[in-house]
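Let's take a walk through this structure together, from the overall fold down to individual side chains. Please keep the viewer open as you read.

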Amino acid sequence: MQSVTVELEAASTMELVNALSIIATELAQREAPESAAACLELTETLVAASDMQESALAGFIGRVDATKEQARWGYPSTQAWLRSRLGMRDNRVKERLTLARQRHRLPEVCAQLASGHLSHGYALTVADSVSRLDDTDCVEAEATLLGFVDQGFSAGKVAAFGRRIRDLIADRDDTEDAPDEDSRRGYDKSWLTTTRSLDGGRYVKGWLNPEDAAIWDGTLAPLAKPAGPDDHRDLPERTAAALSSVLSGGHKASRVTVICDLDTLTGGNAPARLTDGTPIPAAQARRIALSAGVSPLLLGRGNTPLYLGYRERFASAAQRQVLETLYPSCAVRGCEVPGTLCEVDHVHGWALGNSPTDIDQLALACGWHNRFKHTNPDQIQITKDRDGRYVYRLLPPADARRSATGAGPPGSIGPPDNPALDWAA
């Protein structure tokens, strides 16, 4: 049994969390008291304490989400981090992300949650209710919904009041029945609009007529099915992955020709370019060349073409079929992207003339982790399982490994016998 001594006011946040972890471990190993009355009282006290911990957790998750810190650790999104690393179900991920992203707009809710005067369930209900309101309406809605809480209404009733508030706002702004620009386009012709975001992504919106919708369903529906019982992605995420796979040429990368010097592909710093003249940094050119399906046009002295690779020189259809049999999902442990939507990865990297495209040197990795692996090779541990399949395990960034302290092997957080928290298992 470990002892815990903490001076609350002087302790750092890390020291408090570590002390709480030790206490929780000891509490979880104890049998429940024989007295049912005592268990009832203990349950109420423990739930109230857990709700206050959720307040701190929302702050932690919110900071990670806002800074995209999870990407540095090998997770493409905050949702993926919470699901894969912490083993949360989709509903729990959605709830915690909603509260984390809305907390800066709900000062009174956060203050009451942190002080123990508001349950986590009520806080989630209010956060979800205001998530689609603007900042001005959010202020009034927060006060109104907390008033209903004070009157003793259940969380379900408060949620219903939240939906009613949104309906009233839509009626006030005359946005409920007025046809918008999209509706005025009609429904005979398909249309699609895209808007680039500040971070380089795109918002996509559109309409498909019945004929095009049938093509959509016939093409994407089979690819958007769950990969298995461990595939916890929701349908929108699976559909986006299926669409990306189709747009990239059906399990192969897009037809991209990168014009570069031989030295660039073998580690030089000379920039490459696309056929339209767009400059490509050397490191990015090498990442593009990793994609099965790229055509690197290698130039010798005087810009003389030396070699034009073709898609067929990469993994063959037969090899792809074998790999999809071996890898039901991305080789990165915890990643749920189905193997049918992954890219063929040269396990030990790709270098011209020094990386055979042999079946025992290949694995499947989703596009995000394929790029991450070759950009951050020191954060991927490669092993083989009993069946001979490659397993990629994510490691913390180098600075986190250097600063890691406490029990367990270097670079680990938490008890070493907990596989969900063991970085190098």
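Helices here are DSSP runs of H or I with at least four residues, numbered from the N terminus. With that numbering, Ser55 has its place in helix α2, which covers residues 36-67. The model you are looking at is a predicted one, and Ser55 makes a good starting point for getting to know it.

Ser55 has a relative accessible area of 12% and is buried, because buried means under 20%. If we set aside the neighbours within four places in sequence, Ser55 is in contact with Arg103, Cys110, Leu113 and Ala114. One of these, Cys110, is 55 residues away from Ser55 in sequence, yet the two C-alpha atoms are 6.9 Å apart in space.

Now step back to the whole chain. The secondary structure comes to 17 helices and 11 strands. Of the 425 residues in the chain, 34% are buried. If you consider contacts between residues at least 6 apart in sequence, 50% of them join residues at least 24 apart. The accessible surface of the chain is about 25600 Å², and carbon and sulfur atoms account for 55% of that surface.

Let's return to the individual helices, with Thr78 as the next stop. This residue is found in helix α4, residues 78-85. Is Thr78 buried or exposed? Thr78 is buried, with a relative accessible area of 3%. Its side chain makes a polar contact with the side chain of Gln70, at 3.5 Å. Gln70 also appears among the residues that Thr78 touches beyond four places in sequence, together with Ile61, Asp65 and Leu97.

Further along the chain, Arg238 is found in helix α12, residues 235-247. You may want to check how covered this arginine is: at 12% relative accessibility, Arg238 counts as buried. A polar atom of the Arg238 side chain lies 2.8 Å from the backbone oxygen of Arg233. Not counting residues up to four places away in sequence, Arg238 touches Ala224, Lys225, Pro226, Asp231 and Arg233.

Charged side chains deserve a tour of their own. How many salt bridges does a search of the whole structure find? The search finds 14. One of them joins Asp90 and Arg83, whose closest N and O atoms are 3.7 Å apart. Arg83 is buried, with a relative accessible area of 11%, whereas Asp90 is partly exposed at 31%. These two residues also belong to a network of salt bridges that links Arg83, Asp90, Glu237 and Glu336.

Two other salt bridges are worth a look. The side chains of Glu26 and Arg30 meet at 3.3 Å, N to O. Here Glu26 is partly exposed, with 24% relative accessibility, and Arg30 is exposed, with a relative accessible area of 52%. Arg389 and Asp387 form a salt bridge as well, with their closest N and O atoms 3.2 Å apart. In that pair, Arg389 counts as partly exposed at 26% relative accessibility, and Asp387 counts as exposed at 58%.

Next come the aromatic rings. The structure holds 4 aromatic pairs. Among them is the pair of Phe153 and Phe161, whose ring centres are 5.1 Å apart and whose planes stand at 90 degrees, so the pair is edge-to-face. The cut-off behind that name is an angle over 60 degrees between the planes. Phe153 is partly exposed, with a relative accessible area of 28%, and Phe161 is also partly exposed, at 24% relative accessibility. Ring pairs link Phe153 and Phe161 with Phe148 into a cluster.

Our last stop is on the surface. Which residues form a nonpolar patch there? The patch is formed by Val322, Leu326 and Ile359, which together have about 200 Å² of accessible area. To find Ile359, look in the loop between β8 (343-346) and β9 (362-365). Ile359 is partly exposed, with a relative accessible area of 35%.

How values were computed:
Residues numbered from 1 in each chain as written. Predicted model: local features only at pLDDT ≥ 70, side-chain atom pairs only at ≥ 80, totals over all residues. Heavy atoms only, no water. Helix = DSSP H or I, 4+ residues; strand = E, 2+ residues; numbered from the N terminus. Buried < 20%, exposed > 50% of the residue type's maximum accessible area, 1.4 Å probe, protein only. Contact = heavy atoms within 4.5 Å. Areas by Shrake-Rupley, 256 points an atom, 1.4 Å probe, with all protein chains shown as cover. Phe/Tyr/Trp six-rings, centres within 6.5 Å; stacked < 30°, edge-to-face > 60°. Polar contact = N/O pair within 3.5 Å; in protein donor to acceptor, adjacent residues only side chain to side chain. Patch = residues over 30% accessible without salt bridge, like charges linked within 9 Å, V, L, I, M, F, W, Y side chains within 5 Å. Salt bridge = Lys/Arg side-chain N within 4 Å of Asp/Glu carboxyl O.
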